[in-house]
Amino acid sequence: MTEDDHSPEGMTRRQLLRHTAWFGAAVVLTVAGGEVISRVAGPGEALADDDPNALRFVQVSDSHLGFKGSANTAVEASFSRALGQINALGRRPDFVMHTGDLTHLSTAAQFDQVRQMMSTLDTGYTFTVPGEHDSIDDAGQKYRKIFGAGTAGDGWYSFDVKGVHFIALVNTLNLEKLGHLGPDQLEFVRKDVAKLGSDTPIVVFSHIPLFAMYPAWGWGTDDAAQALSYLRRFSSVTCLNGHVHQLFTKTEGNITFHSATTTAYPLPQPGTRPAPTPVTLPAGKLADALGIREVTYRAGQPGLAVKDVKLA
Amino acid sequence: MTVFLRIATAVCLATSGYLHAQLYAHGYHTIPVIGPAFLVQAAASFAVALLLVLGGPWLLQLAAAGLAAGSLAGFVLSRTTGLFGFSETGFQPAPQALLSVLSEVAVLVFVGVILVRRNRQRRIATAV
């Protein structure tokens, strides 16, 4: 047998040792390189969990309290589990944001139930934006009566926590097919960010995606481009939405979009079914499709760290 | 000639790794699954590129081709069906997406040429 590396007769013992050594070197270098790159990308990021100054918040979405169907016969219990999971996190989040469809049918009883359940959260603040299920018959009046304190217009607002600027938008009123912000809210966004430095991290909450995830099902916002144009100058913009009941991530320039999953029931992936109707999963699989989202930010980091966690 | 091809392969692979590392550092590290995948791609590309320059065996050339092909497959999926819930359009982010695709195609071409040349040389050696 020759020393030919590609010998049809197979490898000699020496060749095998050589290949093993090269393979081992590749693995060692890959691990070392990965460590170096991750440190360069986010020095100290691994310490964020222990950093008391780090910003931490949790996003929950689409609890649909009041939903009755085979896709989830106990949405209240699922939402309760999600809240328990938040309270069991190692560190108390600075706030919890519910990105809409708190209720399924906008009844006063459902709003009262979700308010009571969210009051059990161990967090600094709870925030919400409305989904289209929260404004079925009254353009969001019942929603705003309970959750609209301190908001402008039809319920939009902004706030700052630990150096990050948050904007909560309402794109579920005046719906035709796609989400819609409207001129008043667009003007609010323009004025709201005009005073901010370009290095301020921006986080935008909305129920319906601000990107065209699947317009055929209404999964997009028709005038979002105008709102996003006001945010192009910022180095870090993160848009967090609900509505689509599934995880989905997309980047467009400086803006990263993260669709959240639900605590209630899954919807089909875009275009895989005729319509976005609730999906009934095999027994035991539902919890895998439900979850919460933890977001952390540490001053000096290039962006926010988003971690989606299945319902425990 | 083979040395030139090997080094060219290494340079193109390292370029692809650098572009993925750059995107990882500037935002992609926050994207579930995709972020860690970019990190692994970058680290493995640098490692294989270095070992290729040092004269590693044909297995490393196949590894280089595998990394390039895998990266291209990820690129295509992220622009069609979506990949782990991640989706992008066209050659965004610019210019990294286009440069990365060009680097990875070049890796596949160089490795292909190396393999064709090796097979040709083997046939000639067998005939002699």
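Mentor: Two strands pair if DSSP finds at least two bridges between them. Helices (H or I, at least four residues) and strands (E, at least two) are DSSP runs, numbered from the N terminus. This is a predicted model, in which local features need pLDDT of at least 70, side-chain atom pairs count only at pLDDT 80 or more, and totals for chains, interfaces and linings use all residues. Residues are numbered from 1 along each chain as its sequence is written, chains are lettered from A and ligands numbered from 1 in the order in which they are written, and side-chain values use heavy atoms, without hydrogens and water.

Trainee: Which residue is the bridge partner of A:Asn241 in S9(A)?

Mentor: Strand S9 of chain A covers residues 255-259, and S7(A) pairs with S9(A) in the parallel sense. Their pairing rests on 5 bridges. In S9(A), the partner of A:Asn241 is A:Ser259.

Trainee: Which residue in S7(A) stands opposite A:Phe205?

Mentor: S7(A) has another pairing, with strand S6 (residues 202-206) of chain A. The two strands run parallel and are joined by 5 bridges. Opposite A:Phe205 in S7(A) stands A:Leu240.

Trainee: Is strand S7 of chain A largely enclosed or largely open?

Mentor: Buried means under 20% relative accessible area, exposed over 50%, and partly exposed in between (1.4 Å probe, protein chains only). In S7(A), residues 237-241, 5 of the 5 residues are buried. Because of that count, the rest of the structure leaves S7(A) largely enclosed.

Trainee: Which residues of S7(A) point the other way from A:Val237, A:Cys239 and A:Asn241?

Mentor: In a regular strand the side chains alternate between the two faces of the sheet. In S7(A), A:Val237, A:Cys239 and A:Asn241 point one way, and the residues on both sides are buried. Those pointing the other way are A:Thr238 and A:Leu240.

Trainee: How many residues apart are A:Phe95 and A:Phe127?

Mentor: The structure holds 24 aromatic pairs over all chains (Phe, Tyr or Trp rings, for Trp the six-membered ring, with centres within 6.5 Å; planes under 30 degrees apart are stacked, over 60 edge-to-face, the rest tilted). One of them is A:Phe95 with A:Phe127, edge-to-face, with 5.3 Å from centre to centre and 80° between the planes. The pair links distant parts of chain A, since A:Phe95 lies in strand S2 (residues 95-98) and A:Phe127 in strand S3 (residues 125-128), and the separation is 32 residues.

Trainee: What is the relative accessible area of A:Phe127?

Mentor: Take A:Phe95 for reference: it is buried, at 0%. A:Phe127 is buried too, and its relative accessible area is 17%.

Trainee: Which residue in S3(A) stands opposite A:Phe95?

Mentor: S2(A) and S3(A) run parallel, joined by 4 bridges. Ring pairs link a cluster that includes A:Phe57, A:Phe95, A:Tyr125, A:Phe127 and A:Phe205. Opposite A:Phe95 in S3(A) stands A:Tyr125.

Trainee: What share of the residues in chain A is buried?

Mentor: Chain A has 7 helices and 11 strands. Its C-alpha atoms fill a box of roughly 85 × 50 × 40 Å, taken along the principal axes. Of the 312 residues in chain A, the buried share is 52%.

Trainee: Which residue just after H2(B) takes a positive phi?

Mentor: H2(B) is mostly covered, with 14 of its 20 residues buried. Just after H2(B) there is a positive phi of about 95°, and the residue that takes it is B:Gly55.
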